[in-house]
Amino acid sequence: MNKTIRKFDVVPNIPTRLLPLIEIANNLFWVWTHDASALLLRIDRELWEQESNNPIRVLCRVSQERLEDLSKDESFLNHMDRVYSRYKEYLSSRSWFDSNYPQYKEKVFAYFSAEFGLSETIPIYSGGLGMLAGDHMKSTSDLGLPLCGVGLLYREGYFRQYLNPDGWQQETYPQNEFFMMPIKMVTDEKGEPVKISVNMLNGPLYAQVWKINVGRAAIYLLDANIPDNPEHYREITSRLYGGDNEMRIKQEILLGIGGIRALYKINKIPCVTHMNEGHSAFLALERIRFLMEEHKLKFDEARELVMASNIFTTHTPVPAGNDRFPNDLITRYFTNTNYVTRLGLTIDELLKLGEEPLDHDHPERGTNFCMTVLALNLASYNNGVSKLHGRVSRNMWHWMWNDHEVSEVPIRSITNGVHARTWISHDMAGLFDRYLGPRWIDDPWDHTIWSRIEDIPATELWHTHERRRERLVAFVRSRLRMQLERRGVRGAELEVANEVLDPDALTIGFARRFATYKRATLLLREPDRLTRILTNKKRPVQIIFAGKAHPRDDSGKAFIREIYRIARKPELRRHIVFLEDYDMVIARHLVQGVDIWLNNPRRPLEASGTSGMKVCFNGGINVSIMDGWWDEAYNWENGWAIGAGEDYLDDHEYQDSVESKALYQIMEDEIVPLFYKRGTDDLPKGWVDVMKKSMMSNCPVYNTNRMVQEYTTTSYVPALEFSQKLYEDDFKKSKTLAKWRKKVVSQWKDVKILSVDSPDFREIKRGGKLEISASLDLGGLGPDDVCVSIYYGNIDFKGNIIDGKEMVMKHSEGSGPYKFKGTINCYEAGEFGYTVRVMADHVDLSSRFHFGKIVWG
């Protein structure tokens, strides 16, 4: 039966006096502003909890009678006016970016991410990548950057989790109701939805654009579930990280190519683009195509402009975590749609941009197309997300610049952070307001502010934290009861939920994605020993677990089942809890209430990790493997380290044995005794001292305001300023640079170091100098096309230079061969070595290391 269904919207009938509520509810400013979320809760507390803290759903479902009552409630109205005034003041106040870069206020930076974790009311995130992206956007708003986010709007988002009676993870995929979320469809001047199209194999794919207001910032999301598309296209934005390679490439084409087209359609033309992981790397191709067609440039000329203004952040030290597609899939999608022709490339030239060997030891076995390689090749600013991850990434991708020293592979690091105001409890924020002053909100990167933590009385800090632990226990009991009722549990067994956990006991939290390398069950390796630790009547300990395994990861699901089963043991059921369906609500309660945050990944597989950072702002203390952010944050006084950063190669069983025993020992000998060491006032002064040291050392560093500032000063603004030079005079410098690069590639095989000379003696007194000269054959190149330098440093036992430094040599004479001279100043004693190298260089090249043309002497 064919039916014609005509849609219409019914909107809440808000009294005129309450109209500011609509504006407040539709901007995620309320997510990190306690007074604003408290206002929205007052509309109807029961509904607020039923609707997962979604103010739009609350306003749609609350009774008209209640709204009329609120419109006459002076207390509520005063509260609303106060919040609305603060909201307007926030939007209009002078920002950090306004003060430091007023000349760039009208520019557009664009931040592309496959997921954004902003609030539980918009469930289009799965884990740490999305949480980081959400916090990045919130700090973008705080700092006033002209940066917008770009992503996909998933109809089902990521899955909802529940456990069956055996403890095995099950998944459901409830559909998001976009009209019941703080998100708005973008319309044109006629009120029609803004849409873009991208060619796919079976014709054009259409997507409409939605907008989320995040304070002063905005995120634009593409939605393919519209009547313009056939059913198989409408599924493209159904699930985050769902489907096979074919689905993934469609999603990534829509995100990268479609995302750029959406920005152009709404006149938000980006001068700088930031790829948060490789999912969006096709955006670089689309920016190149646009410049070619709009300004009649060649591919190589447009590429110079795009490379100079592209930033790429890699988040995974696990090779399997980088998206790869078979070459034939890329060929189908980029030739059959005529896209490669519009780029002026052959398909082989396109494949070269993302080429990665299937087996690095046997390149003859062929290649595939890697999105990370594409991003690295088309971005001049590349970074990992912690210092350790930067080193790991330089090793992982060294093969792309295999003539470089590993330390000079062009991938640096900008360590992640968290948006403090999103994750800090209302109680702790109030304490900070009293003792730190308001600048902890405006300038959270300022160490001098956080040094005032010392001024907070130990009793006040401890009692504030105790209140949060009590609320955590109450929350866990409520959630556990819901879980049991959902499984059909009744009677006495259900009452157990009211008895789990002790609000006064040492509480450990472990919550994250249940990937096997995160080793959720490491603490369970010796059940009897663990039982003794947890059930000590004088010094009880309890653990709260939460997290999801990928639907296709049976190993991760087995970890969950193991925890579920041990938590059901009669002697442990009051000490171990697994909370189902981990989301931002559970995360907030955990990071605000636990005493210890446990993190025990297999080093060095944790790129950064941010959950432990959130704990610091709430007085929790980290116990972690020396991996990710903790490798640089731990200072022997601000928490505990499991091990000393050892690498175990592939002997996982031995590693697990050693590190689990180390963890048990830390708990038995240090953590538990310190927590329960109380004075006559029942105050754990030693524990509070560690809390304070953790806050003072970690809070000013590991926040996204500091992180976004760092991206701005080291990537966004330099990329903007550098690329602007290439745009000048009808792209003169861009065209010259492309022509120069082509010349260098064709001539580089003829570049040779003919000789290197230095005084013939082996000993130099400290403070002396070593003069070095080199003779070069530059083939068809000249001295202005190269940078000749001395690379020197200490020598290790294998005769290799370690921690090398560079001293640039000057062209002294000659026109074939060319003579270069340089000097090493010998300020330190020891065994040193040096070599000479030649690198292609140009005054308008963003990085000679990225270009990668190098000859060693």
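Visitor: How many aromatic pairs does a search of the whole structure find?
Guide: The model is a predicted one. Rings of Phe, Tyr and Trp count as a pair if their centres lie within 6.5 Å. Searched as a whole, the structure gives a number of aromatic pairs equal to 41.

Visitor: What kind of aromatic pair do Trp30 and Trp48 form?
Guide: The two ring centres are 5.8 Å apart, and the planes stand at 70°. Planes over 60 degrees apart count as edge-to-face. The pair of Trp30 and Trp48 is therefore edge-to-face.

Visitor: How many residues apart are Trp30 and Trp48, and which parts of the chain does the pair link?
Guide: Both residues are buried. Trp30 lies in the loop between α1 (20-25) and α2 (34-43), while Trp48 belongs to helix α3 (residues 45-50). The pair links distant parts of the chain, with a separation of 18 residues.

Visitor: Are Trp96 and Tyr101 buried or exposed, and which residues join them in a cluster of ring pairs?
Guide: Trp96 and Tyr101 are both buried. Ring pairs link these two into a cluster with Phe97, Tyr104, Phe109, Tyr711 and Tyr716.

Visitor: Which ring does the charged end of Arg216 sit over?
Guide: A charge sits over a ring only under a distance cut-off, within 6 Å of the ring centre. The charged end of Arg216 is 4.8 Å from the centre of its ring, which belongs to Tyr90.

Visitor: Which ring has Arg741 over its face?
Guide: Arg741 lies 4.7 Å from the ring centre. The ring is that of Phe851.

Visitor: In what order do the six strands of the parallel sheet stand?
Guide: This is an open sheet, and its pairing is parallel. At its edges are β18 (576-579) and β21 (639-642); each has a single partner strand, so one side of each is left without a neighbour in the sheet. From one strand to the next the twist averages 20°. The order is β18-β17-β16-β19-β20-β21.

Visitor: Which residue is the bridge partner of Gly509 in β17?
Guide: Strand β16 (residues 506-511) pairs with strand β17 (residues 541-546) in the parallel sense, over six bridges. In β17, the partner of Gly509 is Ile544.

Visitor: At what angle to β17 does helix α26 run?
Guide: Helix α24 (residues 527-534) packs on the sheet, touching β17 and β18, and its direction makes about 115° with that of β17. Helix α26 (residues 584-593) lies across β16, β17, β18 and β19. Its angle to β17 is about 155°.

Visitor: How many residues of strand β20 are buried?
Guide: Strand β20 (residues 621-625) pairs with strand β19 (residues 596-599) in the parallel sense over four bridges. In this pairing Ile596 stands opposite Ile621. Strand β20 is mostly covered, and its buried residues number five of five.

Visitor: Which strands are at the edges of the three-stranded sheet?
Guide: The open sheet has the order β11-β13-β12, with antiparallel pairing. Three bridges join β12 to strand β13 (residues 367-370), and Glu355 has Phe369 as its bridge partner in β13. Pairing on one side only marks the edge strands, which are β11 (324-325) and β12 (355-357).

Visitor: Why is helix α17 said to be largely enclosed by the rest of the structure, and what do its buried residues pack against?
Guide: Helix α17 (residues 387-396) is largely enclosed because seven of its ten residues are buried. Among them are Leu388, His389 and Met396. The buried residues pack against β14 (381-384), β15 (412-413) and α28 (630-633).

Visitor: Where does helix α29 bend?
Guide: Helix α29 spans residues 652-675. Its buried residues include Leu663, Tyr664, Ile666 and Met667. The helix bends by about 45°, at Met667.

Visitor: Is Gln709 buried or exposed?
Guide: Gln709 lies in helix α31 (residues 704-747). Leaving out residues up to four places away in sequence, Gln709 touches Trp96, Leu143 and Trp445. The relative accessible area of Gln709 is 12%, so the residue is buried.

Visitor: How far apart in space are Lys732 and Glu301?
Guide: Lys732 is also found in helix α31. Its relative accessible area is 54%, so Lys732 is exposed. Lys732 and Glu301 are 431 residues apart in sequence, and their C-alpha to C-alpha distance is 9.5 Å.

Note on methods. Residues are numbered from 1 along each chain as its sequence is written. This is a predicted model: local features need pLDDT of at least 70, side-chain atom pairs count only at pLDDT 80 or more; totals for chains, interfaces and linings use all residues. Side-chain values use heavy atoms; hydrogens and water are left out. The bend at a residue is the angle between axes fitted to the seven residues ending there and the seven starting there. Helices (H or I, at least four residues) and strands (E, at least two) are DSSP runs, numbered from the N terminus. Buried means under 20% relative accessible area, exposed over 50%, partly exposed in between (1.4 Å probe, protein chains only). Rings of Phe, Tyr and Trp (its six-membered ring) pair if their centres lie within 6.5 Å; planes under 30 degrees apart count as stacked, over 60 as edge-to-face and the rest as tilted. A charge sits over a ring if NZ of Lys or CZ of Arg is within 6 Å of the ring centre and within 35 degrees of the ring normal. Two strands pair if DSSP finds at least two bridges between them. Contact means heavy atoms within 4.5 Å. Axes are lines fitted to C-alpha atoms, for helices over the stretch in contact, and angles run from 0 to 180 degrees between N-to-C directions.
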